[in-house]
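Student: Please take one part of this model and go through it closely. I would like the geometry, the burial and the surroundings in one connected account.

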Amino acid sequence: MDVEQSPAGPSGQRPVPRRRDRRGRGRRWDLIPPHLPGHRTRREQFDDAVADVAAALTERFPRRLAHLQVVVEEVPPSDPAPWEHAGVLLGRGVPATREHPPRVVVYRRSVQPRCGSPQELELMLRQVLSEQVASILGLPPEEVDPGIWDG
């Protein structure tokens with residue numbers, strides 16, 4: 001929302017929110033009401049799906065993953081780590097250090113186009129997160145989330 005600055009003066013007035021752009025032709029309300037599914041962007045829906053899957057994993061290992069940070073980034077870096085294969089990077093697990101807690105990074109633009117439905121997206125996120133959490137914990141991915149690895 002644009003904020004109109006009040007004139008500087010000793011009164012210390014706060015900025016007044018503007019309802020329209022400066023020529024009076026801007027939109028005054030949301031184009032899609034909040035109760036309709038199109039109100040949320042694909043990025044927000046993806047972030048919520050990652051948070052739901054991460055919460056399920058931390059419930060499975062509450063003590064070991066108490067400080068786990070799950071981060072969503074748009075694209076992977078152009079320089080992969082030496083141990084990563086040359087394919088498309090869907091996620092990355094960063095082990096804990098003295099300064100930083102363990103972190104799992106999920107790359108939205110690598111994962112989202114590979115999924116056609118919300119169910120496929122959830123399955124893909126469960127696989128990516130379980131692989132990365134398994135690398136951090138030193139476990140096989142089948143032990144982190146056994147439900148998705150069954151034939």
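Tutor: In this predicted model, helix H1 covers residues 42-60. At 1.5 Å a residue, its 19 residues should span 27 Å, and the C-alpha atoms at its two ends are 27 Å apart, so expectation and model agree.

Burial comes next. With buried taken as under 20% relative accessible area, the buried residues of H1 are Phe46, Ala49, Val50, Val53, Ala54 and Leu57. Viewed down the helix axis, these residues fall within an arc of 130 degrees, so they line one face of H1. Asp52 and Glu59 lie on the other side of the helix, where they are exposed.

The buried residues of H1 have several packing partners. Two are strands, E3 (69-73) and E5 (103-107). The others are helices: H2 (108-111), H3 (118-137) and H4 (141-144).

H1 also takes part in a pocket. The second largest pocket holds about 170 Å³ of space. Its lining consists of Arg42, Gln45, Phe46, Gln112, Cys115, Gly116, Ser117, Pro118 and Leu121. H1 and H3 are the elements that give two or more residues to this lining, and H1 gives the most, with 3 residues. By type, the lining residues divide into 4 nonpolar, 4 polar and 1 charged. Phe46 therefore appears twice in this account: it is one of the buried residues of H1, and it is among the residues that line the second largest pocket.

Note on methods:
Residues numbered from 1 in each chain as written. Predicted model: local features only at pLDDT ≥ 70, side-chain atom pairs only at ≥ 80, totals over all residues. Heavy atoms only, no water. Helix = DSSP H or I, 4+ residues; strand = E, 2+ residues; numbered from the N terminus. Expected span 1.5 Å × (residues − 1). Buried < 20%, exposed > 50% of the residue type's maximum accessible area, 1.4 Å probe, protein only. Arc of directions from axis to C-beta. Contact = heavy atoms within 4.5 Å. 1 Å grid on protein atoms, 1.4 Å probe; cavity = no way out; pocket = protein on both sides within 12 Å on 5 of 7 lines; lining within 4 Å. Points joined across faces, edges and corners; volume = space filled by probe spheres on them. Nonpolar A, V, L, I, M, F, W, Y, C, P; charged D, E, K, R; others polar.
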